[in-house]
Amino acid sequence: MKKSISLAAGLLFSISTQAQILDMIKSTVKDKTGVDLNAPVKTKGTAAGTPATSAHTSISSSTNLGNLTSTQISSGLKEALNLGVTDGVKKLAITDGFFKNEAVKILMPEKLRKIDTTLRSLGMGSLADEGVKLLNRAAEDAVTEAAPIFTSAITSMTITDAKNILLGSDNAATNYLQGKTQSQLFTAFQPKVKASLGKVGADTVWKNLISKYNTFTGQSVTTDLNEYVTTETINGVFKMVAQKESGIRNTPAMRTTSILQKVFGAQDGK
């Protein structure tokens with residue numbers, strides 16, 4: 001019994017002594033460095049009462065989208081597309097709007113590129129250059145008629161999955177519109193392009209171009225320039241619309257109306 005009491009007393013003395021020594025160490029550290037070892041450790045990047053950033057963003061984004069109706073989202077997307085068409089047509093419907101814009105410039109049709117190579121080898125490079133320039137001049141002239149055709153397509157489209165498009169890629173609305181309206185736009189726009197090809201003299205130059213090539217090579221090459229230029233002109237407008245949509249999605253300063261601010265502001269935290 002005495003041995004047990006003695007062992008317990010020694011253990012208590014040891015614990016007490018260790019506690020005193022630890023207190024002395026903490027006191028010395030605080031005096032020398034100002035660091036209080038008794039203070040609770042704070043988790044990096046968080047403060048009392050402040051939720052984690054990712055959780056806050058997710059909740060905020062979900063709440064913002066929840067406040068929007070499908071009609072509002074559809075209106076916002078349509079307005080962005082209309083602005084894209086208006087702005088795009090304005091930039092393309094000027095001299096060199098197509099020809100000096102590498103993103104939309106109309107090149108020699110692929111099936112006629114052998115004509116380009118042959119004519120240049122025969123010292124007729126200037127004629128080939130003129131042919132390409134006039135294709136772009138026809139597009140620049142025809143695109144002035146594009147705005148109402150595109151606007152009508154935008155107005156009549158219905159978006160059943162509006163939220164998915166809003167939270168999609170930077171050009172999700174443009175891709176949706178293009179997929180739904182490309183064939184209708186082609187049918188409506190083709191007569192405009194045909195008239196422009198004749199107006200700028202592109203059809204005459206290309207008949208001469210192809211005739212010379214066929215004479216020198218003994219071949220009989222033909223192509224539908226109207227179909228080709230119509231397709232390329234429409235694609236050029238869609239590229240400009242996609243640029244505008246991306247800008248509105250990613251640059252708040254480009255949201256110039258209340259509906260754009262409301263709708264695209266809700267997708268900022270996606």
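Q: How many helices and how many strands does the secondary structure of the protein come to?
A: This is a predicted model, so take everything here as computed from it. Reading along the sequence, you get the pattern α-α-α-α-α-α-α-α-α-α-α. The tally is 11 helices and zero strands.

Q: What share of the residues in the protein is buried?
A: The protein has 270 residues. A residue counts as buried if its relative accessible area is under 20%. By that cut-off, the buried share is 36%.

Q: Among contacts between residues at least 6 apart in sequence, what percentage joins residues at least 24 apart?
A: Here a contact means heavy atoms within 4.5 Å. Take the contacts between residues at least 6 apart in sequence, then ask which of them join residues at least 24 apart. That portion comes to 81%.

Q: How much of the accessible surface belongs to carbon and sulfur atoms?
A: The protein's accessible surface adds up to about 15,600 Å². Of that area, the part belonging to carbon and sulfur atoms is 56%.

Q: Which helix gives the most to the lining of the largest pocket?
A: The largest pocket has a volume of about 210 Å³, and its lining includes K194, W206, K207 and N226. Three helices, α8 (172-199), α9 (202-217) and α10 (225-250), each supply at least two lining residues. The top contributor, with four residues, is α9.

Q: How do the residues lining the largest pocket divide into nonpolar, polar and charged?
A: The lining includes L197, I210 and L225, along with D203, D224 and T223. Gly counts as polar in this scheme, and G198 is one of the lining residues. The split is four nonpolar, three polar and four charged.

Q: Is T230 buried or exposed?
A: T230 sits in helix α10. Leaving out residues up to four places away in sequence, T230 touches F186, F189, Q190 and V193. Its relative accessible area is 0%, and because the cut-off is under 20%, T230 counts as buried.

Q: How far apart in space are F189 and I234, C-alpha to C-alpha?
A: F189 lies in helix α8 and is buried, at 2% relative accessibility. Beyond its neighbours within four places in sequence, F189 is in contact with A142, V143, E145, A146, I149, T230, T233 and I234. F189 and I234 are 45 residues apart in sequence, and their C-alpha to C-alpha distance is 8.2 Å.

Q: Where does D96 lie?
A: D96 has a positive phi of about 75 degrees, even though it isn't a glycine. At 21% relative accessibility, D96 counts as partly exposed. As for its place in the chain, D96 is in the loop between α3 and α4.

Q: How far apart are the closest N and O atoms in the salt bridge between D96 and K100?
A: D96 is partly exposed, whereas K100 is exposed at 62% relative accessibility. To qualify as a salt bridge, the nitrogen and carboxyl oxygen must be within 4 Å. This pair makes the cut at 3.7 Å.

Q: How many residues apart are D96 and R137?
A: The side chains of D96 and R137 meet in a salt bridge, at 3.0 Å from N to O. That pair links distant parts of the chain, with D96 in the loop between α3 (70-92) and α4 (113-121) and R137 in helix α5 (residues 125-142). Their separation along the chain is 41 residues.

Q: Which helices hold K199 and D141?
A: K199 and D141 meet through their side chains in a salt bridge, 2.9 Å from N to O. The two are 58 residues apart, so this is another link between distant parts of the chain, with K199 in α8 and D141 in α5. K199 is exposed, with a relative accessible area of 64%, while D141 is partly exposed at 22%. The helices asked for are α8 for K199 and α5 for D141.

Q: Which residues do salt bridges that share partners join into one network?
A: Salt bridges total nine by this rule. D96 has salt bridges with K100 and with R137. The network made by shared partners consists of D96, K100, R137 and E140.

Terms used: Residues numbered from 1 in each chain as written. Predicted model: local features only at pLDDT ≥ 70, side-chain atom pairs only at ≥ 80, totals over all residues. Heavy atoms only, no water. 1 Å grid on protein atoms, 1.4 Å probe; cavity = no way out; pocket = protein on both sides within 12 Å on 5 of 7 lines; lining within 4 Å. Points joined across faces, edges and corners; volume = space filled by probe spheres on them. Buried < 20%, exposed > 50% of the residue type's maximum accessible area, 1.4 Å probe, protein only. Areas by Shrake-Rupley, 256 points an atom, 1.4 Å probe, with all protein chains shown as cover.
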